[in-house]
Amino acid sequence: MTSPPPEPATANGDAHLAPTPRLQIVDENKAFSADLAPYMTNEWNLLDAGFNYNVVAVFGSQSTGKSTLLNRLFHTNFQVMNESQRGQTTKGIWLARAPGLPTLVMDVEGTDGRERGEDQDFERKSSLFAIAIAEVIIINMWEHMVGLYHGANMGLLKTVLEVNLQLFQKKGSPKTHLFFVIRDHASGTPLPALCATLTADLNKIWASLNKPDGLEASQLTDFFDVTFTSLPHKRLAGEQFETDATTLRQRFVDPNNADYVFRPAYKKAVPADGFPHFAQDIWTQINANRDLDLPSQQELLAQFRCDELATVAMDAFSAGFTGLKSQVDSGTVVESLGSQLDGALYGALKPFDTQASRYHQGVYQRKRKELVDRCQTSAMVVFNAQLRNAAKRAVTIFKSGLDFKLKSKGADFYIMVESTKDEVLQFFSKTANASCMQDSTWSFEESLADLRTELDHLISSRRDEELNKLAHAAERKIQTDLPDAINDILVNPTPTMWTRVDEVFREEVESAESDLRDRAKALRITDSELDERLAALRTASITALRDVLSQATSEGALVQRLKATFEQKFRYDDQGIPRVWQPSDDIDGAYRRARELADQTLKSFVVAELPYLDTLESSTSRSLASSAFTEDLQASVVALRKPLLPPSKTATLTSRFRLEADALYMEAKRSVVSSSAHVPRWVLAVIAVLGYNEFMSIIRNPFLLLLLILMAAIGFVIYATGMAGPAQAVAMRVGKDVARQVGERVMDVTGGRGIVGTVNEFVLKPMNATLPAPETAKEEKPKSE
């Protein structure tokens, strides 16, 4: 049967194509399927593809999402794990064709599954089969497995590489591409750092391999190309996972992609029509070779027993430092952590050494070293957590210690900082050294460097905080002192008013700048930083001055100031004595002069003439050139140079002031009129004639005479001071109050009837009742009856 050639790979994807059927080529009982050739012909249409096909496989730990990854990358339909019941999903080895692509995708049963327990025979054989068949091996692992020996399958990978090198590889043969996919990359550790760790592990494994004759000096890169990539968390970053998975897919499906995975150098030189037979022969060879062709049965036994004993020792070591891990995970800095870990390791190695030393010494020594490395690798998690806890403790000690030292009067900031920093670094180094295990390669230099960096950031932040305090204190001083000094000048406007304001403003700013310079020296700030702080202080000073002037030139305040100026000139003479207006006085002239003075005062407030602003602006521009600080200062200067009183506001103030001035003018006129009014003389003569007897009776009565003299004195004082009008108003007000109170009292006494009602009730009604009725009334009474 002839099959059509496979569809070419495209970069546009194959979402419109249905997944192809999958085949279990090796079942869980290690039986190879006889249906591979029919599937290649009928289901996958690849039997006549010649060399134009690719093979990719995946392996890794069980339930790590291998099948899910393949389905995302190649749009296959491998069975994935049921999330409600965690367990083994892929059993044996499965194969499928990627829809629309000449690519065979191999899904390998996961390693380290509980279903097979300690039986690792199938794991090793299936992994070895994948490496022998596939051009590209996708090694799927979680990020937290990086750096772990078993979690990252390094032990299995070591055995597979070693046996693969002995059975199938020769120098110059096609390479295999190891493509590491690091899943759930969310810790913040950069991908290059993870790659460096895995590369170091691979090189270490390769260096420990028993290489065939002639290949002793060979390198891993002679037989394998290694690539690393990562994917974010599928649940926590679902959208990013899908995006990155789509991008990663292009590297497998688009030949035009610069990072295309499949290359001619990886081809196994097996035509597609020979692939079923080749795969079956490889599996038969691997399955029949249970000891994987290792040097000798003795070494096999030694490896088996050492592996068993090492597993027991590893469990004992893990149980020995579980309590330490719990303490460290809770944030505690455990004292002498290294010594306690060494004790746990010694307790685990003692039974291992007793029994494993009876076997092949080479295998024993190698397995012992591997066991120590595994123990130290697992304990390194605790060591790193200890370093993090120590770093947090060090930061806390630094903050509290620096706060305490800076409370001392006259404390030099940087001397206190350096001494506290040295103390903290010594604490961290001592703790880290005490946390290292003997003969380990652990290093805390990176953590120490990170701590130095964090302390430097804290010092910089604290320095900025102290500098901000100084700057704010200088600004508050200006905002507190400037208003009083300026208002003292503005309350009594003079021709030199703005000159005095400019001088006071200059003194306040220069004093604040000098104080800021002196106190900032202890912080060792640079000239540019000082210039920036000074520019900010100047801007704040200009803003404070503008606020003072705005308040002083508000409509209400300025009207009161103009009124006070007018009254000072109009109601007081040149010696400051209050005027008593006489008919001969020139009230109109005094009014004009006082108003002219008030108008001049108003004009003086229109624009603030402050030459010191130019000095501040030019000085700041020279020191900082063009920056946000200079722009802010220039904007403040521009705002202050604008007229304080626009024409519309000036007109409003003038109108309000003239109403006040006119009121004072009319009051002066009324006082003159009231003081110049006279009673006709003939009226006085009539009063003298008619009141002669009364006058004589008053003179003869001492009490009445004294009362008359007192009343005359009061009247003279009121007349002399021009208070006749106000006295009359007060008298009228008092009279009204007295009349109101008397009326209320009468109403209370009469029960609300008043005087008229009371007279009518008690006098008129009884009188009317005693009078005889009119005759007409008597005559008409019968009629009405």
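Is Arg-506 buried, partly exposed or exposed in this predicted model? Arg-506 is partly exposed, as its relative accessible area is 31%. The legends below begin with this residue.

**Figure 1. Salt bridge between Arg-506 and Glu-510 in helix α14.** The closest N and O atoms of Arg-506 and Glu-510 are 3.9 Å apart, and the two residues form a salt bridge. Helix α14 comprises residues 497–520, and the two partners are four residues apart within this helix, so about one helical turn separates them. Glu-510 has 39% relative accessibility and therefore counts as partly exposed. For Arg-506 the relative accessible area is 31%, which also places this residue in the partly exposed class.

**Figure 2. Salt bridge between Asp-373 and Lys-369, with the network that includes Lys-204.** The side chains of Asp-373 and Lys-369 meet at an N to O distance of 3.3 Å. Both residues belong to helix α11 (residues 361–406), where they are four residues apart, about one turn of the helix. Asp-373 is partly exposed, with 22% relative accessible area. Lys-369, at 51% relative accessibility, counts as exposed because the cut-off for that class is over 50%. A network of salt bridges links these two residues with Lys-204.

**Figure 3. Salt bridge between Lys-267 and Glu-135.** In the structure as a whole, a search finds 19 salt bridges. One of the salt bridges joins the side chains of Lys-267 and Glu-135, with an N to O distance of 3.9 Å. Lys-267 is located in the loop between α6 (238–253) and α7 (275–288), and Glu-135 in the loop between α3 (121–133) and β5 (136–142), so the pair ties together parts that are 132 residues apart in sequence. Glu-135 is buried, with a relative accessible area of 3%. Lys-267 counts as partly exposed, at 22% relative accessibility.

**Figure 4. Residues annotated as a binding site in the UniProt record.** The annotation "binding site" comes from an unreviewed UniProt entry and covers Gly-60, Ser-61, Gln-62, Ser-63, Thr-64, Gly-65, Lys-66 and Ser-67. Ser-63 is placed in the loop between β2 (54–60) and α2 (66–74), whereas Ser-67 is found in helix α2. Ser-63 has 18% relative accessibility and counts as buried, because the buried class takes values under 20%. Ser-67 is likewise counted as buried, at 8% relative accessibility.

**Figure 5. Positive phi angles at Asn-45 and Asp-439.** Most residues other than glycine have a negative phi. Asn-45 is not a glycine, yet has a positive phi of about 55°. The loop between α1 (36–43) and β2 contains Asn-45, which counts as partly exposed at 24% relative accessibility. Asp-439 has a phi near 60°, again a positive value in a residue other than glycine. Asp-439 lies in the loop between α12 (413–435) and α13 (445–490). At 76% relative accessibility, Asp-439 counts as exposed.

**Figure 6. Positive surface patch around Arg-579.** Lys-569, Arg-579, Arg-592 and Arg-593 form a positive patch on the surface. Among these residues, Arg-579 is located in the loop between α16 (555–570) and α17 (587–604). Arg-579 counts as partly exposed, with 31% relative accessibility. This value is compatible with patch membership because patches are made of residues with over 30% relative accessible area.

**Figure 7. Annotated transmembrane region and a nonpolar surface patch.** An unreviewed UniProt entry places the feature "transmembrane region" at residues 703–722. Over this span the chain is 90% helix and 0% strand. The C-alpha atoms at the ends of the span are 29 Å apart. Phe-703, Leu-704, Leu-707, Leu-710, Met-711 and Ile-714 form a nonpolar patch on the surface. Together these side chains' residues have about 590 Å² of accessible area. One of them, Leu-710, lies in helix α23, which comprises residues 702–720.

Notes: Residues numbered from 1 in each chain as written. Predicted model: local features only at pLDDT ≥ 70, side-chain atom pairs only at ≥ 80, totals over all residues. Heavy atoms only, no water. Patch = residues over 30% accessible without salt bridge, like charges linked within 9 Å, V, L, I, M, F, W, Y side chains within 5 Å. Areas by Shrake-Rupley, 256 points an atom, 1.4 Å probe, with all protein chains shown as cover. Salt bridge = Lys/Arg side-chain N within 4 Å of Asp/Glu carboxyl O. Lys, Arg positive; Asp, Glu negative; His and termini not counted. Charge placed at Lys NZ, Arg CZ, Asp CG, Glu CD. Helix = DSSP H or I, 4+ residues; strand = E, 2+ residues; numbered from the N terminus. Buried < 20%, exposed > 50% of the residue type's maximum accessible area, 1.4 Å probe, protein only. UniProt positions renumbered as here; feature names shortened; annotations may be inferred.
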